[in-house]
Amino acid sequence: ELIGSREKLRQADRLAAIGTLAAGVAHQINNPVGAILNASEYALLCEDQDDAMRIFRDALRVNAEEARRCGAIVRGMLQFSRQEPIEKAIGDLNQAVRIAVRSVESYARDSGARLVLELAEDPIEVRMSPLEIEQVVVNLVRNGIEACDRNAVVRVVTRSAGRRAFIDVIDDGRGIAEEDRSRIFDPFFSTRLVEGGTGLGLSVAHGIVSDHGGRIGVSRSGDDGTTFTVDLPLASSDPAPRPVPSARATR
């Protein structure tokens with residue numbers, strides 16, 4: 001009976017792991033699939049306009065880019081499941097943040113929110129997986145939008161100081177309750193489960209940032225909104241050029 005109970009527990013653990021992986025894939029792919037749907041529906045609405053061909057071409061470009069993003073996300077999740085290292089290279093943090101904000105603009109517009117992007121004037125070079133950093137920003141921006149009512153404003157700011165690079169995502173929502181702050185990065189913890197929240201966005205962001213040798217946390221929260229800050233090492237402070245194994249694979 002003991003052997004049978006242990007085997008059932010192992011099976012339950014495997015099923016839980018599969019469920020977590022499937023939920024993570026669904027959560028990450030939802031953004032590019034939504035962009036593909038929005039671009040396609042807009043193009044169909046404009047088929048009778050004089051510049052319909054230009055709109056069609058723009059929609060196809062968006063669809064191709066977001067389809068490639070879906071493929072990259074799936075490959076990344078497969079790497080995660082095989083506990084393989086995720087390659088990182090030196091790149092401009094501003095560019096990754098710009099792409100992330102662009103990819104979530106349609107979601108913000110549909111939610112009645114406005115995004116404000118404030119990039120540092122000079123490039124900020126960090127050793128990163130651009131796709132993963134984009135996922136962090138998308139998750140934080142969506143979290144900020146969902147924390148607000150209509151007409152929300154979410155600011156995304158990049159800056160550097162000393163040997164560190166920073167991304168601030170600032171919303172004007174209702175803030176985070178004191179009793180919830182210690183749990184916001186826990187998998188499946190969400191104050192918006194009724195509205196369809198998965199409780200994975202901030203957990204995924206935390207894992208990615210930790211894997212990049214950085215930190216993520218709430219630097220401000222009150223009745224006038226919340227600021228999440230991502231803190232990453234600059235490439236100049238990290239001389240190692242080799243890929244870094246994924247810390248999330250062992251969590």
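**Overall architecture, helix α5, an internal cavity and Arg150**

Along its sequence, the protein chain runs in the order α-α-β-α-β-β-α-β-β-α-β-β. That pattern comprises five helices and seven strands. The model is predicted. The protein chain holds 251 residues, and 42% of them are buried. Contacts between residues at least 6 apart in sequence were also examined; 73% of these join residues at least 24 apart. The protein chain exposes an accessible surface of about 14000 Å². Carbon and sulfur atoms account for 54% of that surface.

Helix α5 spans residues 201-211. Nine of its 11 residues are buried, so the helix is largely enclosed by the rest of the structure. The buried set begins with Gly201, Leu202, Ser203, Val204 and Ala205. Gly207, Ile208, Val209 and Asp211 of α5 are buried as well. Just past the helix, the backbone at Gly213 adopts a positive phi of about 75 degrees.

The interior was then searched for enclosed space. Rolling a probe the size of a water molecule over the atoms reveals where empty space remains. Across the whole structure, one cavity of 30 Å³ or more was found. The largest cavity has a volume of about 100 Å³. Its lining consists of 11 residues, and those closest to the centre are Asn31, Pro32, Arg69, Gln135 and Val138. Three elements each give two or more residues to this lining: α1 (2-45), α2 (52-81) and α4 (130-146). Helix α4 provides the largest share, with four residues. By class, the lining of the largest cavity is mixed: four residues are nonpolar, four are polar and three are charged.

Arg150 lies in the loop that links α4 to β4 (153-161). Its relative accessibility is 55%; exposure requires over 50%, so Arg150 counts as exposed. Arg150 nevertheless has contacts beyond its neighbours within four places in sequence, namely with Asp110, Ser111 and Gly112. Ala108 is 42 residues from Arg150 along the chain. The C-alpha atoms of Arg150 and Ala108 are 10.0 Å apart.

Two settings can thus be set side by side. Helix α5 is largely enclosed, since nine of its 11 residues are buried, whereas Arg150, in the loop between α4 and β4, is exposed.

How values were computed
Residues numbered from 1 in each chain as written. Predicted model: local features only at pLDDT ≥ 70, side-chain atom pairs only at ≥ 80, totals over all residues. Heavy atoms only, no water. Buried < 20%, exposed > 50% of the residue type's maximum accessible area, 1.4 Å probe, protein only. 1 Å grid on protein atoms, 1.4 Å probe; cavity = no way out; pocket = protein on both sides within 12 Å on 5 of 7 lines; lining within 4 Å. Points joined across faces, edges and corners; volume = space filled by probe spheres on them. Nonpolar A, V, L, I, M, F, W, Y, C, P; charged D, E, K, R; others polar. Contact = heavy atoms within 4.5 Å. Areas by Shrake-Rupley, 256 points an atom, 1.4 Å probe, with all protein chains shown as cover.
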